[in-house]
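These are my notes on one helix and on a set of charged pairs. I record each item in the order in which I looked it up.

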Amino acid sequence: MALVSAPVLRAAIVGAGPSGFYTADQLLKAGFRVDLYDLLPTPYGLVRSGVAPDHPKIKSVTRMYAKTAKHPDFRFFGGVVVGEHITREDLLERYHAVVYGVGTATDNRLGIPGEDRPGSHAATEFVAWYNGHPDFADHAFDLNGGRAVVVGNGNVAIDVARMLVLHPDELAPTDTADHAIDAFGEATVEEVVLLGRRGPAEAAFTNPELRELGELARADVIVDPADLEGVVEPEEPTARRNVEILRDYAAREPSGKSHRIVLKFLRSPVAILGEGEDGPVTGVRAVRNRLETGEDGRVRAVPTGEEEIIECGLVLRSIGYRGIPLADVPFDERRGLISNLGGRVCEDDGAPCCGEYAVGWIKRGPSGVIGTNKKDAADTVARIVEDREAGALGTPVAEATEEWLLERVPDLVTWEGWEAIDRHETETGEPLGRPRVKLVRLEHMREIASGRAPAR
Ligand code: NAP
């Protein structure tokens, strides 16, 4: 009797960020062949283009991802835009499981007058710019005013505030994009004001990030003791520690450093000011808030009507990320996420889309740290394995061959291509004492990946 072996199951993952790599690792362990697609020629998503350059330890997680990529059943396809080069249908025709781990690519909006004035930017764009994301390399940020206002009280707000006041000597040994190192070197911003709409106990900072603000070489951190009056010690440990750290800052005398980070609470911007309708930013009009606990137990900011103007030349809006639709994959516009139930992509009425899954921020929203995505990926992979056992995966009718992809994407970048880019960047950085000098032009990346340009 001839032995009939089970078909080899193939999975496509769209998005080579942390959630994509954790999913790849776990699907490989579950016996799938895995193809990981990204629209950039480079892998690692926000680890490469989001994590602050002065936090190199956080980036060392890529060593684990590179190990995953060495698995014989793993392929990387960089420079492939789903919805442009290939369709959702193309993927469903070729894979038993398609997993979307595309992250949340855009910013939330404040919805206030003046939001789009020159000098008012989403922090997501600023982060992508200083991290050398090729789509943002040509953005210009005017860093010549004396004061910048950062709206939001999360870790991204802290990252951008810190980057604005780092000493050039602190930036020099990092992988900050060269264009940003030059711009920061000439910047005249001396004060960064962080605006939180709620109070110190409600800030979304994590403790190490908030503590780091108090240890900067050339910036004092300033908190008005009045903002801490009446604050009840929160029960939640991170919030409690945040309040302790903020009390410590409020008790400090400024030491006369050249730069300042000022944390202001209970203030919401109501307009971004400037001349006429589209003159550059000259300030922020902010309203004072008081706190009110709603019936759902959530503490809300309620405007008091008392307003103040904070003069500034730059506004960075750092109020969270939001997903954007991918090809014609069902999308929940209200939440800004791919419609899914526990990782299974579903139609509006909840009917599951056979063989399609979501993972990471586009599944659950932009929260948590890099490692949060490991558990998140495990949950999605558990659903895939359940569906495999139930015979409920997709039924592909074609193979995803490299030839097929090359027809659609002549500049396709494979893992070897990325390794050539990686070598080029690290070898260029090494004599300068930097982890890498990032390539920021897609054409240049493709040349290096294909061996068309000299490797230095
Ligand atoms: P976040 O942690 O969700 O913080 C968003 C902030 O924006 C909150 O303070 C929020 O205030 C505020 N906000 C929202 N809507 C607002 C509005 N209309 N007006 C004024 N303020 C508003 O988001 P994030 O900073 O973008 O970070 C995303 C995730 O990445 C987080 O989980 C973060 O911890 C993580 N991250 C981690 C690191 C690190 O570990 N070093 C670095 C960067 C990012 P409310 O609380 O009042 O809504």
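**Entry 1: a charged pair at the helix.** I began with Asp422, which is partly exposed because its relative accessible area is 23%, between the limits of 20% and 50%. The model is a predicted one. I then looked for a charged partner and found that Asp422 forms a salt bridge with Arg436, the closest N and O atoms being 2.8 Å apart. Asp422 lies in helix H15 and Arg436 in the loop between H15 and H16, so this salt bridge ties together parts that are 14 residues apart in sequence. I also checked the accessibility of the partner: Arg436 has a value of 15% and therefore counts as buried, the cut-off being under 20%.

**Entry 2: helix H15.** I next compared the length of H15 with expectation. The helix runs over residues 415–429, and its 15 residues should span 21 Å at 1.5 Å a residue. I find its end C-alpha atoms 21 Å apart, which agrees. Which residues of H15 are buried? I list Trp415, Gly417, Trp418, Ala420, Ile421, His424, Glu425 and Gly429. I then asked what these buried residues pack against. Their partners are four helices, H1 (18–29), H2 (45–49), H4 (62–69) and H16 (442–450), together with strand E3 (74–78).

**Entry 3: salt bridges elsewhere.** I counted the salt bridges and obtained 41. I then turned to Arg162, which forms a salt bridge with Asp54, with 2.8 Å between the closest N and O atoms. This pair links distant parts of the chain, 108 residues apart: Arg162 is in helix H7 (residues 155–165), and Asp54 is in the loop between H2 and helix H3 (56–59). I note that Arg162 and Asp54 are both buried.

**Entry 4: a pair between strands.** I looked up Glu191 and found a salt bridge with Arg260, where the closest N and O atoms are 2.7 Å apart. Glu191 belongs to strand E8 (residues 191–195) and Arg260 to strand E10 (residues 259–264), so the pair links distant parts of the chain, 69 residues apart. Are the two partners buried or exposed? Glu191 is buried, with a relative accessible area of 13%, whereas Arg260, at 28% relative accessibility, counts as partly exposed.

**Entry 5: a network.** Finally, I looked for salt bridges that join up. I record one network, in which Asp107, Arg109, Glu115, Asp116 and Arg317 are linked by salt bridges.

Definitions and conventions: Residues are numbered from 1 along each chain as its sequence is written. This is a predicted model: local features need pLDDT of at least 70, side-chain atom pairs count only at pLDDT 80 or more; totals for chains, interfaces and linings use all residues. Side-chain values use heavy atoms; hydrogens and water are left out. Helices (H or I, at least four residues) and strands (E, at least two) are DSSP runs, numbered from the N terminus. The expected span of a helix is 1.5 Å times one less than its number of residues. Buried means under 20% relative accessible area, exposed over 50%, partly exposed in between (1.4 Å probe, protein chains only). Contact means heavy atoms within 4.5 Å. A salt bridge is a side-chain nitrogen of Lys or Arg within 4 Å of a carboxyl oxygen of Asp or Glu.
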